[in-house]
Amino acid sequence: MVTLKEIANEVGVSVGTVSRVLNHDTTISVSDETKIKIFETAEEMQYKTLKQRKSSSKVKINKLRVGIVEMYNHSEQLQDPYYLLLRSVVDRECFDNEIEVVNVYKSEKEYKFIGEEKLNGIIAIGKFNGEEVNMMNEISDNIVFLDSSPDEQRYDSVKVNFKLGTYKALDYLFELGHSDIGYIGSTKTLDNKKEKNLDYRLRYYTDYMKSKGVYKKENIIDTKEMTAMDGYESTIEFINSNENMPTAFFVGNDTIATGVLKALYENNIKVPDDVSIVGFNDLIASKHTIVPLTTVRVHIEHLASASVDLIIEKINKSRKYCKKVIIPSELVIRKSTKSII
């Protein structure tokens, strides 16, 4: 039987770190890459927690077999670890529920997977166009979409409550006395049908600022893509071409925010003394940026758990109607924001 120590030796971390990560301890300060490596190593070595060992001692009839479809490949995910981490937690949830995970990959005009045994369902992570959805449906019509909802009448879905998270961030900045608040992020991102449209966070930011009568189009910085480098370059360009700096920025995701913080630091603009920053996602690295980042936490573990619960419920209870689950987000206050009242 594989031990925590063996996993720790393989990854190069302490036994305590392995234990806390495998038990989904959200307070542990390790990088997303390390968490992913621990999950993957435990999976490869077929490690089971005490809870899993107890449950596996019971007779399990008709073990479920679920395919995982991902929007991004591994190299694309490294640009923003959000989806990489989300996949790892989905794998973990499946493992906890003794569900066999099968990788489903796109090959020309169809999705394929290794093996001949039929899949009980599919969890599709990310955004997919109509053709891709139809291709998945050829394999199974029991599909849960995680992070999108392309057809609520046909498929279950799990999404983040972007409106709640955005409003919480802006409410907090207003409470601190900020009204001149900018937005940094890609103005157009992939929507439920994998088409470029106005980003949800920007849409809710715009509605909120207009409702307060303080909306300024010139305070919106379009990063084009959602990467740290785009955040850095777009912020540098804004600094060089604008005399007036907002007192705060709401940033589309934490990956972009790392680039924003670097650009501000290099230009001697102090965070939070000169400008406050609020991100979105709460990646592990956000605790360890130059200034620990105040951000909106997206509960990845809840997203993953809900998607697996929907698959199990649909199969075991033969549910005929579809469900859409919206997971709340919460504001995590650190040191990148400051009161100006």
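**Exercise 1. Decide whether K109 is buried or exposed, then find its salt-bridge partner.**

Solution. Start with accessibility: K109 has a relative accessible area of 64%, so this lysine counts as exposed, since the cut-off for exposed is over 50%. Keep in mind as you work that this is a predicted model.

Next, look for a partner of opposite charge. Side chains of opposite charge can pair when their charged atoms come close. K109 forms a salt bridge with E131, and the closest N and O atoms are 3.5 Å apart. Now place the two residues: K109 sits in the loop between β2 (100–107) and β3 (110–113), while E131 belongs to helix α7 (residues 130–137), so the pair ties together parts 22 residues apart in sequence. Finally, check the partner: E131 is partly exposed, at 44% relative accessible area.

**Exercise 2. Work out which parts of the chain are linked by the salt bridge between D156 and R319, and whether the two residues are buried or exposed.**

Solution. Begin with the distance: the closest N and O atoms of D156 and R319 are 2.7 Å apart. Then locate each end. D156 is in strand β6 (residues 156–160), and R319 is in the loop between α12 and β14 (324–327), so that distant parts of the chain, 163 residues apart, are linked. For the last step, turn to accessibility: both D156 and R319 are buried.

**Exercise 3. Describe the salt bridge between D273 and K338, then name the residues joined into one network by salt bridges that share partners.**

Solution. The side chains of D273 and K338 meet at 3.3 Å, N to O. This pair also links distant parts of the chain: D273 lies in the loop between α11 (254–266) and β12 (276–281), and K338 in the segment after β15 (329–332), 65 residues apart. Both ends fall in the middle class of accessibility, with D273 partly exposed at 48% and K338 partly exposed at 35%. For the network, follow the shared partners: D156, E313, R319 and K323 are joined into one. To put these pairs in context, a search of the whole structure finds 20 salt bridges.

**Exercise 4. Find the residues of the negative surface patch and the helix that gives the largest share.**

Solution. First list the members: E10, E40, E43 and E44 gather in a patch of negative charge on the surface. Then sort them by element: helix α3 (residues 32–44) supplies the largest share, three residues. Take E40 as an example. This glutamate is in helix α3 and is partly exposed, with a relative accessible area of 37%.

**Exercise 5. Pick out the backbone features at P272, E98 and D147.**

Solution. Most residues other than glycine have a negative phi, and most peptide bonds are trans. With that in mind, go through the three sites:

- V271 and P272 are joined by a cis peptide bond, with omega about 10 degrees; P272 lies in the loop between α11 and β12.
- E98 has a positive phi, near 55 degrees. Its place is the loop between α6 (82–96) and β2, and at 19% relative accessible area E98 is buried.
- D147 has a positive phi of about 90 degrees. D147 is in the loop between β5 (143–146) and β6 and counts as buried at 5% relative accessibility.

Note on methods:
Residues are numbered from 1 along each chain as its sequence is written. This is a predicted model: local features need pLDDT of at least 70, side-chain atom pairs count only at pLDDT 80 or more; totals for chains, interfaces and linings use all residues. Side-chain values use heavy atoms; hydrogens and water are left out. Patches are made of residues with over 30% relative accessible area and no salt bridge: like charges are joined within 9 Å, nonpolar side chains (Val, Leu, Ile, Met, Phe, Trp, Tyr) within 5 Å. Accessible areas come from the Shrake-Rupley method with a 1.4 Å probe; for residues, only the protein chains shown count as cover. A salt bridge is a side-chain nitrogen of Lys or Arg within 4 Å of a carboxyl oxygen of Asp or Glu. Lys and Arg count as positive and Asp and Glu as negative; His and the chain ends are not counted. The place of a charge is taken as NZ of Lys, CZ of Arg, CG of Asp or CD of Glu. Helices (H or I, at least four residues) and strands (E, at least two) are DSSP runs, numbered from the N terminus. Buried means under 20% relative accessible area, exposed over 50%, partly exposed in between (1.4 Å probe, protein chains only).
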